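Grab a pencil and work through a few short exercises on charged and aromatic side chains. Each task comes with a solution, one step at a time.

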Amino acid sequence: MFPVTFHEIGNLSEEDRQKACEQILQNLGKNTEDGSSCPKRRRLMSPPDSGIGCSNSLDHPLETTGIPSGIILEVRMENFLSHQSMVVYLNKDINFIIGDNGSGKSAILTAIIVALGGNATSTGRGIALKDFIRRGSSVAKVICIISNSHERWSFKREIYGRKILIERTLLMEGASRIKIKSESGKLVSTKMEELRAMTLRLGIQVTNPISVLDQNSARHFVNESKPEVKFELFMKATSLQSLSDVMTEIDSDLKKISQELNAKERQLRENNKELNEAQEKLEKLNRLEEDRKTSLILKMELLWAQVRDCKNLLESAENNLKITLKKKEEVSNFISGREITADPFLDKIESSKKVVASLDNQKKDIENERRSLLVCCKALKKREKEIVEDEYQSKVQLEKCEKFISEYKSEIKSQEERMLPEHAKRRREQEEEVSEMQRNAKQLLKNYESKKRELQDLQAKANDLRTNLIKVDRIQISNEVELDRLTRLHVGYMSAKSSLSLFGPCMTELVRAINNTNGFKEKPLGPLGSFIELNDPKWALAIENAIGSIGYAFAVTSKEDEKLLMSLIKKICLYGPKIPIRRLHIARNPIDTSKTCARTPQYGNILDMITFRNARAGNVLIELCNLDTTLLIPSGDECFTLLSKRGSVPRNCRRAYTLEGDYYNPSPTYGTYYGHQSTAKYLNSCEDVIRQTQFEISETEKTLKATEKQCSALRAEQNVLDSQIKLYNADTKKMLIAYDQIQAKILNLREETIPDVQTVALLRDEISEKEKYMTDLKVKMDKLQTELQVQLPEKLGKLKSEDDELQLKLTEINCQLENLLHEQNAWIDARKELESSLQDKKNNLEKIAKEEGQLRLKVQELEIKHTKMETESKKYESHVVDQFVEQLDRFTSKFNTNRAVKTIDNELCSINKRIRHFEKAFGQSSEEFEQDYHEKVLSFNVLKEQLEHLRINAKTLQKVLNLRKKICHTVKNITSVIVSHQFGRVLLSRNCSGKIVVNFQTKTLEIIVHPMDEGERAGKGTSSLSGGERSFATVAFIIALWNVTDLPFYFLDEFDVFLDPPSRVLALQLLLKFAKLKPGHQFGFITPHTLPGVCDSPEVTIFRLADPVRQ
């Protein structure tokens, strides 16, 4: 026989405990086959009743005698969410609430949670209770009536009676009021503590997700695939979480006891140490007088050593003063000799500047004359083009006129011949020929239209291909540009190989120029990103995204420094990224961020991951980028969990970045944005950036090759289409030409059939006009030819000769200017060099004079100090000899001591410290000291005995706690086994097998489901399940959890929204069967779907809500 209690199971071995679990499962399987798998509640049962209606009184229309305590009898709502006034009477067994979306189904469940003490966040539908007040109202009210009829398991039945009414009023200000009334309507309490005590007594858990599974939790659980979320649901549902919390609290108390025990042991060690010290004091009591004698001698020796050192310093200062005076004389002589030769350079420079200014004026005059000649030359060339164009147009018009005259003459001749009578028969033949040609023309036009449509299709295809080719060409060009950019960056990195080269190709030269420039009031700080040192390289991308362009910026403190730095940037940084400048006050001491920083136990801010090489640069980055309020969170899911709800946002947190560089805003303005860069640039090492750049170059080259291959294939296809289009164009042109020829023949034949007398007269008039126009054109052409061949060449030759003369003059002036400027620069450099040399000497002279004054002061101070110290030493030595000559044996003067002052002082301090320590310790008499020592020994022995008893008690308590932990572990294992077994039995109805694996170490729960059919899905596991089958597995998991819990009521909100129709019907049947097999518990199901095969009965109540009013 195996044990039946968890305490007895906890004392078994692992093998016996496994056999006990198997026996429990066998008994559970037998009970399930008999229809009694669900544990019976502790409440009394009553005959099933049902009813739905409305009532304003407290009395429920149903008979409550025998109804288990904690069952919800009635729910009332006033101005709550979408309901203005609503009353719902619930069946004590099974309830269905049906209605379309927006009809207020979930509001009923929300009202139950709020009435029974739940807050707004536990409902999953808001963050404050005032959000549940109906629009247009200022107050909302929810009333919940629960059963209290059980004689044993009831709450203060002598006060409340068989029913308890809970009324909660919600105010727009955010507060709420609670009233708890008895069966007769009498107000009993208005305190939340009373409501919590009632729910605890009746086993009501509105925060338990298995007792009240709201709509958002159901959807989130179905779509959530994390094992940690399922484990959390399992622990809360089975109340194992509260059991674990209690064990954790007990363990914490035991640790405190252990800490107290350790404190006692430390106190015992300290007492033992005090005893040893007291014993040492007794032994050292006789050495105090000897130390006093030694102290007097050492103090006298210290005074004479100080006198000796002061004398040495005085001699050294006097020698330095002599050397300084000699240097001052030499520099003064050099300056007086050099100042005479500075003026001749200035006269030469001024005369050279005058000559250069005169030559510049001559150069400008010559350039202006050349510009005017160039304008004239351009005007003549333009006139030459106009003459050639006019001549060509005249020739064209003349040819046209000659052609028109010949055509008109032939037409006149043809019309005259047609007027003859013998051509009548010919005209009839021509009319028959015209009709035949018209039929041919129609057929040809039809073929032409067909060919033209095919040509248009080919052209459309060619246009699409051309568009694709243009896109590919643009991609290829962008890849070439990117390859060129990466190549230049790689060359820059390889040439510099320093951290500054990561900020741009010109950054190294710019920093060197800033360090060499003396015009700054205070050297600029930058680039600011170069002062950052990463503690963890994996956060480089996130930190660069958080800093942004500020990492490339320079910080200055004045407007003058900003202008000077801007001029250096324009001069040096001709290409590369733009370098920003920030002008602000820079604090010298590090900013204290202890009160403003954002930090959690799991996640730190940016300042935790970096170290500043320069404190002032760190202050600038903290001020501009808010680094202390920016969290670093590894993944987006963790950001969503922490920042999407206002209540979970850490203090002072303004934003967060992930490892991928994504940016998250915390609630109430929650949002996520992609980072502006995908890879770290300047926070990586130079070698890493070079390797990354080489990798990007290789990838870009591969992409470029693939693009070139695609481009060549598209061009080949385009060439084929172009050849086809040419063939079609040639065919259509041939057809069009043949059509035009037929039309022309038809027109000619028609004209030949009917002669026209008036046309002949008009043609002769036009011929005469054309001949007159031809005569005028020939005269005009002769004039243009004369101007083109004679007048224009003469003018152009004259302008060219003038320009050559001006060019020679300009060349001579440029040579003179170049020579003069070269001489002028040489004189200026020589004068600057001389002035610089003189200025250096003057500065050196000032330094020497200042040093001379300092040395004179130092010599005077040392002389006074030496005299004073020597007098004090002699006085102290005579004092020692006069006062303690009898006590000081073997006394000798220390006037010629060779020991260092520091050595003597250290020895004297050590002896004096020991003397003070002994004097303080031995202030009392030796007898009192010995008595105090014996009392300490006695106290030490008593404390030691107490500590031994405390240690024995702690070991006993630890043994008991370990036994309780073992029992708790057994309870967890058996509960998980029962849930897994029930889960697998429910899945058999869908021809699936499955189990639940709970790992209490990693806090995960995995649902494993396998199809049992022998078809294609056999052996493929969970991946072969459909969406409906996975949702059904979730329903099976909830039923398995219901099987191990004992709560008054269970409510599911829209449990079937993710199930397909067959799974929905099967799930509904299983839920009904389970509810009927678990009497004494109330079940509520909220669904927007119809219930096939379910109708009202004494055990089942269906409440249908009216359709919502759509505006």
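**Exercise 1.** Work out how K521 and E560 meet, and where each one sits.

*Solution.* Step 1: their side chains form a salt bridge, 3.6 Å from N to O (a Lys or Arg side-chain nitrogen within 4 Å of an Asp or Glu carboxyl oxygen). Step 2: K521 lies in the loop between helix 13 (507-516) and strand 9 (532-534), while E560 belongs to helix 15 (residues 559-572), 39 residues apart. Step 3: K521 is exposed at 64% relative accessibility, whereas E560 is partly exposed at 46% (buried is under 20% relative accessible area, exposed over 50%, partly exposed in between, with a 1.4 Å probe and protein chains only).

A note on the source: this is a predicted model, where local features need pLDDT of at least 70 and side-chain atom pairs count only at pLDDT 80 or more, while totals for chains, interfaces and linings use all residues. Residues are numbered from 1 along each chain as its sequence is written, and side-chain values use heavy atoms, leaving out hydrogens and water.

**Exercise 2.** Find the salt-bridge partner of E167, then check how covered the two residues are.

*Solution.* Step 1: the partner is K181, with the closest N and O atoms 3.6 Å apart. Step 2: E167 is in strand 5 (residues 163-171) and K181 in strand 6 (residues 176-181). Step 3: E167 is buried at 8% relative accessible area, but K181 is partly exposed at 21%.

**Exercise 3.** Look at E74 and R76: are they buried or exposed?

*Solution.* Step 1: their side chains meet in a salt bridge of 2.4 Å, N to O. Step 2: both E74 and R76 are buried.

Conventions
Helices (H or I, at least four residues) and strands (E, at least two) are DSSP runs, numbered from the N terminus.
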